[in-house]
Amino acid sequence: MTEITQLLKNNREWAESITKENPDFFHKLSQQQTPEYLWIGCSDSRVPANDIVGLLPGELFVHRNVANVVIHTDLNCQAVLQYAVDVLKVKHIIVTGHYGCGGVKAALGDEQLGLIDNWLRAIRDIYYRNESRFRVISDEEKRTDLMCELNVIEQVANICHTNIVQNAWRRGQELSVHGWIYAVKDGIIKDLGVKVNKLEQVAEAYRMGVSDATKSDY
Ligand code: CO
């Protein structure tokens, strides 16, 4: 177990090593942030956003929660999304799930875990809608992995169903939403190939009309 003071020591060493390489790094960073990417990932300690894509502080805007879910009534996630799209004007939103996700596993089981059950409920809904795909898979690990992938795909759709993203597209803002999955066992990310970058790719039932936020551009 790492002593807490060790973390502060690590921090000094980390800051020193970056400054040594680029003396102006922190000063420049303190003036502004201009990340091109919004990362929505799991809170899992084995999936550290910046590290696994090799990005420095200032390059990735990050939101993490248990099982990387995007729920329309979650003010926290929606506020991150709105700020990233409208203010920071990120060009890419990346939902990154991971195989063997504990949250996803829990959603597939029937054990009560407390408040988290409510949070994971949305994943249970995805399972129910795709039940036929699971019926033919008996291996527990494979079932979880399929669920992890379906969960990412669902969250990509949820992001595209927000007025935040749709208004950005209507304004002509360049914005792509991606679905990735990370394997803890080898550190490799797989692109699930579900990229969405325009309104026409969104199911019609989820497309919203023009609002005051977009009218000025017409
Ligand atoms: Co997880």
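**Notebook: a hairpin, a cobalt site and some ring pairs**

**Entry 1, the hairpin.** I started at the hairpin of strand 4 and strand 5, where six residues lie between the strands and glycine 187 takes a positive phi near 75 degrees. A reminder to myself: I am reading a predicted model. Next I looked up how the two strands pair. Strand 4 and strand 5 (residues 189-191) run antiparallel, and three bridges join them. Opposite tryptophan 180 I found aspartate 191, which belongs to strand 5.

**Entry 2, the other partner of strand 4.** Which way does strand 3 run relative to strand 4, parallel or antiparallel? I noted parallel, with seven bridges joining strand 3 (residues 92-98) to strand 4. I followed histidine 98 across and arrived at tyrosine 182, its bridge partner in strand 4.

**Entry 3, how covered strand 4 is.** How many residues of strand 4 are buried? I counted through residues 176-182, and seven of the seven are buried. Then I checked the faces one at a time. One side carries Ser176, His178, Trp180 and Tyr182, the other Val177, Gly179 and Ile181, and all of these are buried, so both faces are covered.

**Entry 4, the cobalt ion.** Histidine 98 turned up again here. Which residues coordinate the cobalt ion? I found Cys42 through SG, His98 through NE2 and Cys101 through SG, at 2.1 to 2.3 Å. Along the chain I wrote the spacing of these donors as C-x55-H-x2-C. I also looked up the cover over two of them: histidine 98 is buried, and cysteine 101 is buried too.

**Entry 5, aromatic pairs.** A pair of aromatic rings is described by the distance of the centres and the angle of the planes, and I used that for my notes. The structure holds four aromatic pairs. In one of them, the ring centres of tryptophan 14 and phenylalanine 26 are 5.6 Å apart and the planes stand at 65 degrees, so I wrote this pair down as edge-to-face. The pair links distant parts of the chain, with tryptophan 14 in helix 1 (residues 4-21) and phenylalanine 26 in helix 2 (residues 25-31), twelve residues apart. Are these two rings' residues buried or exposed? Neither label fits: tryptophan 14 is partly exposed at 39% relative accessibility, and phenylalanine 26 is partly exposed at 30%.

Another pair I looked up is phenylalanine 61 with tyrosine 83, which is tilted: the centres are 5.8 Å apart, with 40 degrees between the planes. This pair also links distant parts of the chain, from phenylalanine 61 in strand 2 (residues 60-65) to tyrosine 83 in helix 4 (residues 75-87), 22 residues apart. Phenylalanine 61 has a relative accessible area of 17%, so I count it as buried, because buried means under 20%. Tyrosine 83, at 36%, is partly exposed.

I closed the ring notes with a cluster: ring pairs link Trp14, Phe25 and Phe26.

**Entry 6, leucine 146.** My last stop was helix 8 (residues 140-160), where leucine 146 is found. Leucine 146 is buried, with a relative accessible area of 12%. What does leucine 146 touch, leaving aside its neighbours within four places in sequence? I listed Arg133, Phe134 and Ile137 as its contacts. I also noted glycine 100: its C-alpha atom is separated from that of leucine 146 by 9.8 Å, and the two residues are 46 apart along the chain.

Conventions: Residues numbered from 1 in each chain as written. Predicted model: local features only at pLDDT ≥ 70, side-chain atom pairs only at ≥ 80, totals over all residues. Heavy atoms only, no water. Donors = N, O, S within 2.8 Å, 3.2 Å for Na, K, Ca; no water. Buried < 20%, exposed > 50% of the residue type's maximum accessible area, 1.4 Å probe, protein only. Helix = DSSP H or I, 4+ residues; strand = E, 2+ residues; numbered from the N terminus. Pairing = 2+ DSSP bridges. Phe/Tyr/Trp six-rings, centres within 6.5 Å; stacked < 30°, edge-to-face > 60°. Contact = heavy atoms within 4.5 Å.
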